[in-house]
Amino acid sequence: PNSGNITFIAKVEAKDLLRKPNVKWFKGKWMDLASKAGKHLQLKESFERHTKIHTFEMHIIQAKENYAGNYRCEVSYKDKFDSCSFDLEVTGKMVTYDAGELDFSGLLKRREIKPQEEEPEVDVWELLKNANPSEYEKIAFQYGITDLRGMLKRLKRMRREVKKSAAFAKGLDPAYQVDKGGKVRFMVELADPTVELKWYKNGQEIRPSAKYIFEHKGNQRILFINNCTMTDDARYYVTAGDEKCSTELFVRDPPILVTKGLEDTNTYVGERVELSCEVSEDDANVKWFKNGVELTDEAKSRYRIKVEGKKHTLIIEEAAKNDSATYSVMTTGGQSEAKLSEKKKKLYQTVRLGQEIHLKCEISENVEGKWYKNGQLIEASDRVKLYHKGRIHRFVIGSAAVDDEGEYMFVPDAYNINIPSTWQIWTISPFSDPPKLHLDGLGEGNTVTVVAGSKLRLEIPITGEPTPKVTWSKGDKVHCHYKCFFSLTKGLFLQKLTFNLISTGSHGMVYSGRIRAETYPDSSCLVIDVAEREDSGPFRIALKNEAGEDTALINIKVVDVPDPPQAPDVTEVGEDWCVMTWEPPANDGGSPILGYFIERKKKQSSRWMRLNFELCKETTFEPKKMIEGVAYEVRVFAVNAIGISKPSMPSKSFVPLAVTSPPTLLAVDGVTDTTVTMKWRPPDHIGAAGLDGYVVEYCFEGTDEWIVANPELTDKTKFTISGLPTGSKILVRVKAVNAAGESEPRYHPGPILVKEVIEPPKIRLPRHLKQTYTRRVGETVNLVIPFQGKPRAKVSWQKNGSPIDKNQINIRNTENDTIIFIRKAERNHSGEYNMKVEVENLEDKATIDIQIVDRPGPPEVVTIEDVWGENVNLSWKPPKDDGNAAITGYTIQKADKKSMEWFTVMEHYHRTSATINELVIGNEYYFRIFSENICGLSEDATMTKESALIAKDGKVYKYPVYDDFDFSERPLFTQPLVNTFAVAGYNATLNCSVRGNPKPKITWLKNKVIIMNDPKYRMFSNQGVCTLEIRKPSPYDGGTYTCHAVNQLGEAEVDCKLEVKGKGLDFNFRFLYFLMYLLPQLKSASKKPLQ
């Protein structure tokens, strides 16, 4: 609550640490609270040697609303680090009043508060500079200076002589002051307006913002600071080049006003006195004075000062005579005063006629004194005896008479003051009546019930003649006695007054702290100001006079809210729920427990939420609707007829977690004579607890005993159950396990026979190996060919019909695949590799064509066929070594005979003759040619043996006569179709190349049926390359595809088989497909002749 105190405790275990860890407290992201320690914030630390635990505490004293926010504690040791954050909420203070408490404010005289006259503003800096050092503290209090020592240091720095500056025509004033929340203006004038200027606060550069505003006016540079706070109280300086000008800013708190002043009051000696006032700000600095002398709140002082927000109270526990004075309170903006006066108290006594009257008093000094009756001096006589021995004075009348009734007073000599108490003496007749207690108004068993914290005033009617003496007691403690202490001026004290008369004072009240007895002529009252649980028990009241005595036991029962229960235990946790239990409180407060309230909160939050609005009668509860994976804490309140207890300590934090859903798709992956391999998929729902692994269990058919196959969790989704007897049948189930426990099991739908099944061999040749596999010399060949077949498939390899040399080629076989590996390929590794997989009498074969290619050799002899004009005609022969790959072209270069610098004139040229044009007349040229294949250019080139001279004199070139060449050609497929495997749902393409002149017409057929106007197929023809694309084929798109080419000179065709892997269509869908698609095509094909 607001103005309340709170303590945060962090404990660090230091068993493995060689020295104390470093702990820091932060507010927000960066505010280090170590620099804020003071009156309202205290940091403490301790170390327990036995447990080796460091305890770090942060005490927030009298919390304010602006203290609310997020806090963080960080602990570090070398390279280790940890932190914890928490939130603080500060709520408004709830003020409650107890009707049983005495309200003294009604007895105080209200004083009018005089309006404060407005005073002219005072410059605190000037006051301090001109003041005597003995007056510094007074000025600091009057003007709200909290850091006096820092102010004096800054004042001393200001008094130093300021050197003249060439950069500043006018510098800052030595000091500025501004009220909190106000605006201040700093201004300097520069000699050179082009100089760069920077402002600093305590060495930190100030940047423009809404708080800090910069202005330029000619040579003037101005800084405005808006909404000044106490953090702006600092040293400021401005730099211009290498020169600096500084000043001090003092932010003054607004004056504290007295909103409700002190009031005059009267009190008896020995009573508790409270003088209260209210000021305009919480926790303001207020000073108390008694007759102008300041009062302090020290431990040995009789005065105690209490602060509650804006209310300040001066408390005197037991008022004495010398406490009568003028008390005043002073703030920075006003003061108030009041007078405390003493009321005289009379002691009443009754004595029977004829009995002795014996008054005795003891004072602090051995001085004479006089006795008075009703203000008249009493002289000693035969009937009246006056005795004085040391500090004791006695007044004795041997036989009481009616005339002896009156008011008696003792006055010491040499002191012009009366003792502040009198004795009233009554005489009674000799007739007497035994004392009697009247307890009719009490409950059964004389029991009185009172709520703890409230006031009890138990009045018991009494009778008896003479008035009986009343004694209240509880155990050995008597709550009624006749000893009072009073003080006089100049150190004279009436130390003890004793009555020897066997009677009680009429209308007398005897105080004994919180519990006291008040006795009246017809009743006696037991008063307990603030009842506590320890007050419960039997109280004895005893009456006694000359006629007899009477006693009774009155049972006082103090009931209170119950003690808080112990911290609850969370016994079970689910996805969004938990089960919590707790023990009833050790003390029910004297009233039976009616039920419990339960609250919960997130561990990192400070907001508790009530879970039940009807009392929980049991000591167990099930909170629900929690967030999985979030840490929570719970606590319990006990409730009885008096109220709600304080909350229990929070439970240990717990995290709601749920088991996963069962694993999915449990299936058999493989079976041998002694093992069964199962595979499955992860659960559909895993949750915040994650997944730790799986447990595989099995049982033999006909039994109910489930056997765990893996003692330790497996994190894979495949497991082999081994050690099974051949021919047996087992049932298998799998469970997923996480921090919350095991999931529901996933069962295999039927029993599994432990016996190996023969699986025919099948080589699954990858698509890229169905064509020639090409690699360059020096590259690595690593081919993985999967296959299937059980049991114990045997794999063999051959190259070009002969066994493979294992020194050059590495073969590695596993149960599911075979790998052929060549670390550094050579051209002699090219060839046809045959793979065979055998399972008993069954086998499957596959062929892989591997081609290792290298750069080609240079062309054979290059000759200059003819030279004319600026042209040279060259011819050459293909190279003898093509690098095991087709020659893709030639690169021709020329070089002038003079410089022999080579320049490329043609690249990727395909023919074996070429004409070089645009040669320079008069130059003589050499030519060289490189061969080229897929690996690149040949390493060497073949150069012409002779040079070609481009003659300067032109001559007429005779063009040779050529016969027209007949380019007509019937269709010829240069690249046939290849059998292809496709995957259902993925596009497939069929490719071939054809040449012919005139350009042939291309027609595609499926199973000898022409493909026409079907959106499932797309046909392309580009530069003689024919392509058929089948969009997302199904297994029923498989078949024989034919490419037919025809022109005027003839026709040609190629075909291939397409196999589509995937789940087949059912019979109904096949029939529908035939009716809707194939039947119309067959009809149209039968009507049109094939072109």
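Student: Which two strands flank the loop that holds Glu744?
Tutor: Bear in mind that we're looking at a predicted model. Glu744 sits in a loop, with one strand covering 741-742 and another covering 746-747. Those two are strand 58 and strand 59.

Student: Is Glu744 buried or exposed?
Tutor: The cut-off for exposed is over 50% relative accessible area. Glu744 comes in at 58% relative accessibility, so it counts as exposed.

Student: Which residues does Glu744 touch, leaving out those up to four places away in sequence?
Tutor: Start with the backbone: the C-alpha atoms of Glu744 and Ser661 are 6.8 Å apart, though 83 residues separate the two along the chain. As for contacts, with residues up to four places away set aside, Glu744 touches Pro662, Pro663 and Val734.

Student: Now His829: buried or exposed?
Tutor: His829 also has a loop address, between strand 67 (817-822) and strand 68 (831-839). Buried means under 20% relative accessible area. His829 has 5% relative accessibility, so it counts as buried.

Student: What does His829 touch, not counting residues up to four places away in sequence?
Tutor: Its partners include the isoleucines Ile809, Ile822, Ile850 and Ile852. Also on the list are Lys799, Lys824 and Gln808.

Student: What share of the residues in the protein chain is buried?
Tutor: The protein chain has 4 helices and 87 strands. It runs to 1091 residues, and the buried part of them is 39%.

Student: Among contacts between residues at least 6 apart in sequence, what percentage joins residues at least 24 apart?
Tutor: Glu744 and Ser661 gave us one case of C-alpha atoms 6.8 Å apart across 83 residues of chain. For the protein chain, the share of those contacts that join residues at least 24 apart is 65%.

Student: How much of the accessible surface belongs to carbon and sulfur atoms?
Tutor: The accessible surface of the protein chain is about 63900 Å². The carbon and sulfur part of that is 49%.

Student: In the open sheet with the order 3-2-6-7, why is one side of strand 3 and of strand 7 left without a neighbour?
Tutor: This sheet has 4 strands with antiparallel pairing. Strand 3 (31-32) and strand 7 (80-88) stand at its edges, so one side of each has no neighbour in the sheet; the reason is that each has a single partner strand.

Student: Which residue is the bridge partner of Ser76 in strand 7?
Tutor: Strand 6 (residues 69-77) pairs with strand 7 in the antiparallel sense, over 9 bridges. Ser76 has its bridge partner in strand 7, and that partner is Phe81.

Student: And in strand 16, which residue is the bridge partner of Gln177?
Tutor: Here we're in an open sheet of 5 strands with mixed pairing, in the order 9-16-15-11-12. Its edge strands are strand 9 (175-179) and strand 12 (204-205), each paired on one side only. Strand 9 runs parallel to strand 16 (residues 243-252), with 5 bridges joining them. For Gln177, the partner in strand 16 is Phe250.

Student: How much space lies in the largest cavity?
Tutor: Rolling a probe the size of a water molecule over the atoms shows where empty space is left. The structure holds 2 cavities of 30 Å³ or more. In the largest one, the space is about 40 Å³.

Student: Which strand gives the most to the lining of the largest cavity?
Tutor: The lining includes Thr267, Tyr268, Asp323, Leu340, Ser341 and Glu342. By type, its residues are 5 nonpolar, 3 polar and 3 charged. The top contributor, with 3 residues, spans 334-342 and is strand 25.

Definitions and conventions:
Residues numbered from 1 in each chain as written. Predicted model: local features only at pLDDT ≥ 70, side-chain atom pairs only at ≥ 80, totals over all residues. Heavy atoms only, no water. Pairing = 2+ DSSP bridges. Buried < 20%, exposed > 50% of the residue type's maximum accessible area, 1.4 Å probe, protein only. Contact = heavy atoms within 4.5 Å. Areas by Shrake-Rupley, 256 points an atom, 1.4 Å probe, with all protein chains shown as cover. 1 Å grid on protein atoms, 1.4 Å probe; cavity = no way out; pocket = protein on both sides within 12 Å on 5 of 7 lines; lining within 4 Å. Points joined across faces, edges and corners; volume = space filled by probe spheres on them. Nonpolar A, V, L, I, M, F, W, Y, C, P; charged D, E, K, R; others polar.
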